[in-house]
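I opened this model with a notebook beside me and a short list of places to look up. Here is what I wrote down, entry by entry.

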Amino acid sequence: MKILIVDDHEENLYLLQSLLQGNGYEVFSAGNGVEALKILEAGGIEMIISDILMPIMDGFQLCREVRTSKIFHAIPFIVYTATYTGPQDEELALKMGADRFIIKPCEPDVFMKAVNEVSAETAGRKGPPAVPELEDKDEITRLYSKRLVLKLEKKMQEAEQEMKARKEAEKALRESRDRLIEAQRIAGMGDFTLDVETNALNFSEALLELLKYDKDRIFDPDELHKTVHHPEDMEKINKWFDDGMKSGKDILPPIEYRVICRDGEIKYVRTLGIIRHDEGKPFLIFGTVLDITEHKLLEEQLKENIGNLKQARERLLDQARWLQALNSVSGEIARNNSLDSIFHVALGHLEESFDFVLAGIGLCPENGAPCLLAALSSSGQTLARGLGLEPGTSCPFEKILSPFEASSTPQILNIDTIDTTSLTDDVIELVHSMQKKKLKTLSLAVIEYNRKQVGIFFMLFDREHRHSEMECRFIKGMIEYLSVAIRNRKLYDDLHESYTQLKKTQQIMMDQERIKAMGQMASGIAHDINNTLVPITLYTEALLNNEFGKMEPTCRYLKTIQSAVGDIEETVRRLRSFYKREEKEEFEEVDAEQIIETAVNMARPRWKDIPNRKGIDIELKTEIAPRLEKVSANPSEIREAIINLIFNAVDAMPRGGTITLGAHPYKNEAGNEYLAIEVTDEGKGMNEEQRRRCLEPFYTTKGENGSGLGLAMVTGTMQRHKGEVQIYSLPEEGTAVRLLFPKFIKTIEEKPCKSNEPIELPPLKILYVDDKPELCAVLQEMLSKHGHSVEAFREGKKAVNAFKAAWNREDPFQVVITDMGMPHMDGEEVARLIKEISPGVPIILLSGWGEYINEEDELPPNIDIVLNKPPTISRLLCAVRKLLSRDETTSIEGVIE
């Protein structure tokens with residue numbers, strides 16, 4: 001809608017114009033009713049908003065002229081005034097045909113609501129609004145004159161007040177003038193006055209200082225143009241001045257132009273003028289000049305910066321798109337997708353960034369065979385077939401690139417100027433085909449890894465093309481990703497093959513561990529059988545030595561039983577093959593550092609490559625003391641044990657961590673020297689129950705993923721090497737497994753006792769400890785028949801207390817016989833406590849494990865003789881006699897120190 005606003009105050013016009021334009025209206029303005037009528041005659045006005053008091057023709061008169069016009073009578077008319085003297089004003093306006101009467105000031109939303117309501121109410125109106133009929137024109141004149149007099153009286157009162165205020169203001173103005181001049185200097189401002197009639201021009205001191213002229217300098221307009229105004233801006237300045245003078249308005253709009261200072265410096269200024277009129281003619285112009293040189297320079301710099309920012313933004317958008325492309329390809333690589341998938345994703349992103357007609361990737365086999373096309377872009381498939389290019393066929397672009405430096409930076413070739421003299425026939429044919437199809441540019445780059453060519457990348461353009469520096473970087477980055485993808489696929493294939501071999505090796509190791517576990521089970525069975533045979537053996541021997549046993553057929557029956565017992569013992573000994581391999585002859589001096597290094601390399605797929613594929617980072621560190629002494633061992637078994645411990649450490653760290661593999665000398669509390677090999681992890685660790693049971697066969701903390709045989713196998717290995725296994729672990733703090741190898745391994749030959757004659761011994765006081773009551777009873781009975789006093793105990797603690805009590809009574813036990821495996825306190829602990837009381841008392845270890853202990857060639861601490869169950873009375877008494885006599889020429893079956 002086109003709205004005409006009529007007001008003699010420029011400020012009111014400006015504010016009202018801004019409000020209406022801000023709400024989407026097209027606005028025209030006039031300073032009085034006469035001007036308004038001229039604008040109405042031009043046509044197109046759809047609403048009039050007018051003040052009342054104005055020169056030449058006021059608002060009442062304008063409203064009456066509009067309503068009496070045959071052309072404008074239907075236009076909506078709103079009176080908007082601040083000179084309100086009473087309700088009669090509104091009544092008169094409405095009688096003259098106004099549609100709405102609004103009093104200034106009015107809130108913008110209220111004003112716009114009134115405008116919208118009037119617009120809606122008068123939409124489609126063809127004739128003037130219905131107004132009350134007046135008796136005659138004299139009545140209109142009388143009402144109008146009366147309202148006008150009232151308004152003029154009010155205006156005169158306001159003028160008197162204004163004059164009084166003006167006098168006060170003039171005084172303040174004079175006081176502030178000096179401050180204004182100083183402020184102008186500081187702000188880079190100045191002012192001038194121009195008398196239109198006399199053409200006299202006066203510059204303020206601040207303006208003269210701005211132009212670097214003396215303060216008493218006087219210019220005339222012609223001199224001003226020649227001396228101060230920039231010649232290139234002269235036309236613009238003249239037009240601005242002439243248009244302002246012809247407009248009839250009181251304001252010359254702002255203008256920016258250049259001035260030349262006295263010293264030749266060029267400055268930018270902004271000038272705003274006020275025109276004073278007398279009888280409708282301008283007689284004085286007052287202008288304000290502001291130095292905007294710095295602002296202008298900053299503005300130009302800003303424009304330049306905005307241009308640079310636009311370019312930078314475009315580059316950033318390209319880089320963001322390229323980064324997304326690289327991330328996408330990286331994701332394909334990380335997910336270990338096929339090369340075909342990775343290549344097509346890469347070519348798809350390249351197609352979004354470059355307007356090539358065809359692009360492709362070739363792969364170079366490791367055997368030096370010709371490069372083969374691996375993938376082509378989705379666009380240009382028809383062109384590819386026309387050029388004879390298909391995936392799986394030879395990639396001739398490799399031969400075109402050969403005369404140039406092989407680099408991942410793309411090389412640009414003009415297809416029309418390719419030198420074909422040194423090319424093969426198939427490549428020459430390809431070049432000619434590209435020329436016939438009017439292809440112009442070939443971009444080639446080598447895909448390489450570790451300075452070895454693994455592929456080639458090409459793009460074909462049907463126009464002249466040169467890559468920018470940023471495009472080259474993007475292409476180079478993409479090629480590096482393709483290089484990684486090709487290398488990763490090779491590593492993955494190698495890793496897969498290694499993993500397959502590892503699985504086969506693990507299966508073999510599992511089979512071996514199962515056999516070893518069966519051996520340990522067999523050893524437990526042997527222990528129970530040996531215990532069961534004790535009463536049979538002893539009672540059979542006792543019966544054969546009395547009169548009843550010499551009678552027939554009793555003697556024959558007893559000998560048959562004795563023979564069967566011997567067969568059972570032999571069968572039990574044969575079970576040993578499941579528990580221990582005869583490998584003493586395979587022991588050799590080994591270097592711990594070399595063994596560890598080999599084990600680490602053999603286990604690398606399990607602790608390094610496989611976790612890395614899953615995004616798990618495991619670090620393996622070695623801490624090996626210098627100048628370690630060599631030990632006698634089976635290197636294969638030691639490696640197997642270390643690898644098993646590494647596997648356990650990896651399984652204990654599902655989120656990754658550090659494995660530390662160390663070797664160093666070690667001395668226990670007894671002063672014995674060992675070589676210690678330790679495997680420490682940062683995994684989930686074990687509680688005390690798990691740590692105590694972890695060496696048991698088939699016990700596992702891994703659930704369905706564990707066999708429970710790994711640590712059992714390690715334990716068997718250490719037993720065969722006469723070593724120890726120490727385990728330290730806490731929940732969520734990791735686990736450390738220490739393998740202790742003795743520095744020297746001595747082999748002691750076993751010599752059976754050859755004496756078959758009755759063994760004569762003085763009556764002895766013997767302490768016997770065994771947790772089996774039937775064994776206590778039979779051994780006590782048998783020894784008692786040979787004249788010895790035997791006290792039997794089923795618990796180690798009670799036996800030790802009894803020994804101590806007897807020692808304190810000075811009636812000590814002369815011989816101690818103890819079992820090995822017993823609840824609460826085992827045989828070794830019993831022996832230790834008794835030796836602390838009486839270091840010289842002979843102690844015999846009688847155990848179902850005796851044969852296995854003997855085969856270790858070393859006695860347990862504080863034990864003088866080891867005998868295997870079931871013993872005969874003669875073997876037992878022979879051992880006692882040996883201990884009491886310390887006769888070096890007499891041997892017994894067992895181990896003697």
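Before the first entry, a word on names: helices (H or I, at least four residues) and strands (E, at least two) are DSSP runs, numbered from the N terminus. With that in hand I went to D770, which I found in the loop between β23 (765–769) and α23 (773–785). I keep in mind throughout that this is a predicted model.

**Entry: D770**

Is D770 buried or exposed? I read a relative accessibility of 0%, so D770 counts as buried. I then looked for side-chain partners and noted a polar contact of 3.0 Å between the side chains of D770 and Y768. Setting aside neighbours within four places in sequence, I listed L775, C776, F793, R794, D819, M822 and K869 as residues in contact with D770.

**Entry: the whole protein**

I stepped back for the overall tally. I have 27 helices and 28 strands in the secondary structure. Of the 897 residues, 44% are buried. I also looked at how far apart in sequence the contacts reach: among contacts with a separation of 6 or more, 64% are between residues 24 or more positions apart.

**Entry: D99**

My next aspartate was D99, in the loop between α4 (87–95) and β5 (100–103). Its relative accessible area is 18%, and the cut-off for buried is under 20%, so D99 is buried.

Which side chains make polar contacts with the side chain of D99? I found R67 at 2.9 Å and R125 at 2.8 Å. Beyond four places in sequence, the contacts of D99 also include I75, P76, F77, L94, V118, T122 and P129.

**Entry: a cis peptide**

Moving along the chain from there, I checked the peptide bond from K104 to P105 and found it cis, with omega near -10°. P105 sits in the loop between β5 and α5 (108–121). I flagged the bond because most peptide bonds are trans.

**Entry: α10 against α11**

I wanted to know how helix α10 (residues 293–334) and helix α11 (residues 339–353) are set against each other. Their axes are 9 Å apart and the packing angle is about 175°. The two helices are therefore roughly antiparallel to each other. In the contact, seven residues are nonpolar, four polar and three charged. From α10 I picked out R321, W322 and A325, among others, and from α11 the residues meeting them include S341, I342 and V345.

**Entry: a five-stranded sheet**

I traced an open sheet of five strands, in the order β12-β11-β15-β14-β13, with antiparallel pairing. Which strands stand at the edges? I have β12 (372–376) and β13 (411–414) there, each with a single partner strand, so one side of each is left without a neighbour in the sheet. On average, neighbouring strands are turned by 25° against each other, ignoring direction.

Looking at one pair in detail, I counted four bridges between strand β11 (residues 358–363) and β12, and in that pair G360 has L376 of β12 as its bridge partner. Helix α11 came up again here: α11 packs on the sheet and touches β11, β12 and β15 (452–461), with its direction at about 55° to that of β12.

**Entry: β20 and its two partners**

Why do I call strand β20 (residues 673–681) largely enclosed by the rest of the structure? Seven of its nine residues are buried, so the description follows. On one pairing, strand β19 (residues 657–667) runs antiparallel to β20 with eight bridges. On the other, β20 runs antiparallel to strand β22 (residues 734–742), again with eight bridges.

I followed Y674 across both: Y674 is the bridge partner of Y666, and P742 in β22 is the bridge partner of Y674. The hairpin of β19 and β20 has five residues between the strands, and G671 there takes a positive phi near 90°.

**Entry: positive phi outside glycine**

Most residues other than glycine have a negative phi. I noted two that go the other way. E732, in the loop between β21 (724–730) and β22, has a positive phi of about 65°. With 63% relative accessibility, E732 counts as exposed. H824 lies in the loop between β25 (815–818) and α25 (827–837), and its phi is near 70°. H824 is exposed as well, with a relative accessible area of 82%.

Terms used:
Residues are numbered from 1 along each chain as its sequence is written. This is a predicted model: local features need pLDDT of at least 70, side-chain atom pairs count only at pLDDT 80 or more; totals for chains, interfaces and linings use all residues. Side-chain values use heavy atoms; hydrogens and water are left out. Buried means under 20% relative accessible area, exposed over 50%, partly exposed in between (1.4 Å probe, protein chains only). A polar contact is a pair of N or O atoms within 3.5 Å; within protein, one must be able to donate a hydrogen and the other to accept it, and residues adjacent in sequence count only if both atoms are side-chain atoms. Contact means heavy atoms within 4.5 Å. Two strands pair if DSSP finds at least two bridges between them. Axes are lines fitted to C-alpha atoms, for helices over the stretch in contact, and angles run from 0 to 180 degrees between N-to-C directions. Angles under 35 degrees count as roughly parallel, over 145 as roughly antiparallel, 65 to 115 as roughly perpendicular and the rest as oblique. Ala, Val, Leu, Ile, Met, Phe, Trp, Tyr, Cys and Pro count as nonpolar, Asp, Glu, Lys and Arg as charged, and the others, Gly among them, as polar.
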